[in-house]
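Q: Please look closely at one aspect of this model: how its strands pair into sheets. Then say what can be noted about a few other parts of the chain.

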Amino acid sequence: MSETTASAATWDYLIHGAKVFDGTGELPRREDIAIANGRIAARGPELDPANARQVFDGNEYWAMPGLFDIHTHYDLELEVAPGLPESVRHGTTTVVIANCSLGLAFGAQRKDGADPIVDCYARVENIPKEVLRATADKVDWHNPREYIQHLNKLSLGPNLVTLVPHSMLRIEVMGFDASISRDPTEDELQAMEALLEKALDDGYAGFSTDALPFHYLANQPNTRKTIPTQFAKYPEIKRLTDVVRRKGGVWQATPPKDSTIGTIKTFLLSCGRLHGKPLKTTVVAALDVQSNRKIVRLARLLARVLNSWLLKGDFHLQALAAPFKVWSDGAVTPLSEEIEELRLLNETELEDREERIRILNDPDYIKRFKAMWMSGKTGFGLSRIKRWLRLEDYAFNRTLADMTIDVCPLKAWEGKTFAEVFDRVKAANTGREFHATEAETTLLKTHFSGVKDEGDFVLAMLRAFDRDLSWYTVSANRDETMVRNLLMDRQLLPGFNDSGAHLTNMAFYDGNLRALKLASDGGDIDVAYMVRRLTRDPARVFGVKGGSIEVGDQADLILVNPSALRRLDHNNTVQRQYREEFRHEQLVNRTDGVVPLVMIAGHPAWQGDEFDAALGKTRMGTVLDTTF
């Protein structure tokens, strides 16, 4: 980067000689880009560098609009770290918040002893209760308009697109207890419609719901109940989405996983042929699930049918650009909530190891757990056939060879699979000779001497280490060719990074870069297509101004180093770090060198391998205006 004298400068910055992918999907051009007063001031070949205060040499780089992250749960992190550095460093300049029916649009909503932010977020998004309580304590707004005003007072890093969260809308109108126990009255339903319409008029981009059957509340006495949105029946969903359709907003949803008929009926709401006007709909998620290979096929088929000329839908399944690698802290992981025997352990307070040990030692629980764990692995029957055909009911992976230990009090086991450790346990219990340290020998005698099968072994691991054991498995998207096919599918939309949630369970902050890398295998034409899918297309779906770098546009743009991108090894980008803002560990990605510049509204938020000192202290982004 070079500098000229400020008195002579017409522009604040000039990016010189970059290969520009402008988000239209057209092939790139070598151009210069000038930025002044936070906007694109000029584009074209051979702009005069003497007119710029600072010049970035872009000859080795791609330039493109800043990227969208369309599925985040940053609502809480915005209150403690509004710069959102883990997304910014990866080229994300716009994030969508309040997904899956959860958000802060209605404030803390504490009433009659309920604490909805804590109750709804703690298990669904695996965020510690103390972090959630600290955030709720600071809330000083009470309605959607005040929330947008609050967001625009924060020192935002990326721009925000926010949705109206259905669970919180239900709580606001019905009260917490009623929202998880009954249908709304007609007056309550009309009140929800009115609040939703008012929020859309105030700048909210749409409405989010959730139907995944393993999103549970975190506080007693409701730990066996799911979040409020899941108590809404079809007529309620239709009434509310009709408001969104009429206003031109977007509906973010998840499918009722265990009901094919329910899924089809629900998502037919997207179709203009049936309802007079298409409803923009974006749905989690198109994943190639390892334990059930039919899911991704059915998802793609559903998208094609809904978007056909016959039904005229506007339906966009979100596709994750990475292997679905999920960490577990003992039994605490998002996927464990779908299995009752594991869900019982998740119902306990994170700090209550004693209660989990009591459950793990209960004879009836042991019998049930072992039956669950061994289902389809022995004997002959339907469950064995379904496991062999990869058509199981669970997304949770129960294959020991696929479960790798990341952190363990016995350091010698770190990096080993559960299968490898199980072999050592069997060797110890049958008297076979193998090399073991004194610490391992003691551990095996203390906790594993009674192990007879896989079920016993997993129970023993949970008893011995509880949440001090961190292990991971890849539950979906193992086939990179399939992942690329999903990302390039015009019926789908790259997304579902879940940024800001599952602090020690997931790390997909670099998901957009992975999408660009996979697209780059097809050369410039595929890169141009993917840039459009990460910029202009989501801007269109969410109805906001953004995703382009035309003259006059807000200067949200990034540079990408294509050589570093090709070398990106997603298997070695995840690391643990302690976040002071959370007073908690977090899994993050580090892909420094791939994105040498991130500019948000003309502010260089990230340069080289470091953040600008103003990130998180000075407002850069804003809540984007809706265009409907």
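Strand pairing and its surroundings

A: Start with a single pair of residues: across from Val407 is Ser470, which belongs to strand 16. The model is a predicted one. Strand 16 covers residues 470-474, and three bridges join it to strand 15 in an antiparallel arrangement. As background, strands in a sheet are held together by backbone hydrogen bonds, and the pairing can be parallel or antiparallel.

These two strands are part of an open sheet of three strands, with the order 14-16-15 and antiparallel pairing. At its edges are strand 14 (325-329) and strand 15 (404-407), each of which pairs on one side only. On average, neighbouring strands in this sheet are turned by 35° against each other, direction ignored.

A second open sheet has eight strands and parallel pairing, and its order is 7-8-9-10-11-12-13-17. Its edge strands are strand 7 (67-69) and strand 17 (492-494), and each of these has a partner on one side only. Here the average turn between neighbouring strands is 30°, direction ignored. At one place in this sheet, strand 13 (residues 314-319) pairs with strand 17 in the parallel sense through three bridges. Within that pairing, Ala319 stands opposite Pro494 of strand 17. A helix also packs on this sheet: helix 6 (residues 166-174) touches strand 9 (159-165) and strand 10 (206-208), and the direction of helix 6 makes about 50° with that of strand 9.

Another antiparallel pair is made by strand 19 (residues 574-579) and strand 20, with six bridges between them. Tyr578 has Glu585 of strand 20 as its bridge partner. The two strands form a hairpin with four residues between them, and Arg583 in the turn has a positive phi of about 55°. Strand 20 (residues 584-589) is largely enclosed by the rest of the structure, because five of its six residues are buried.

Helix 21 shows a similar kind of burial. Nine of its 10 residues are buried, so helix 21 is largely enclosed by the rest of the structure. The buried residues of helix 21 include Gly511, Leu513, Leu516 and Ala519. Ala519 sits in this helix, which spans residues 511-520. Its relative accessibility is 1%, so Ala519 counts as buried; the cut-off for that word is under 20%. Setting aside neighbours within four places in sequence, Ala519 is in contact with Arg484, Met488, Asp526, Val527 and Met530. Tyr529 is 10 residues away from Ala519 in sequence, and the C-alpha atoms of the two are 8.2 Å apart in space.

The surface gives a contrasting case. Leu298, Leu301 and Val305 make a nonpolar surface patch of about 260 Å². Val305 belongs to helix 12, which runs over residues 294-306. In an α-helix there are 3.6 residues a turn, so residues three or four places apart point the same way. Val305 has a relative accessibility of 40% and therefore counts as partly exposed, a class that lies between the buried cut-off of 20% and the exposed cut-off of 50%.

Conventions
Residues numbered from 1 in each chain as written. Predicted model: local features only at pLDDT ≥ 70, side-chain atom pairs only at ≥ 80, totals over all residues. Heavy atoms only, no water. Patch = residues over 30% accessible without salt bridge, like charges linked within 9 Å, V, L, I, M, F, W, Y side chains within 5 Å. Areas by Shrake-Rupley, 256 points an atom, 1.4 Å probe, with all protein chains shown as cover. Salt bridge = Lys/Arg side-chain N within 4 Å of Asp/Glu carboxyl O. Buried < 20%, exposed > 50% of the residue type's maximum accessible area, 1.4 Å probe, protein only. Pairing = 2+ DSSP bridges. Axes fitted to C-alpha atoms, helices over the stretch in contact; angles between N-to-C directions. Contact = heavy atoms within 4.5 Å.
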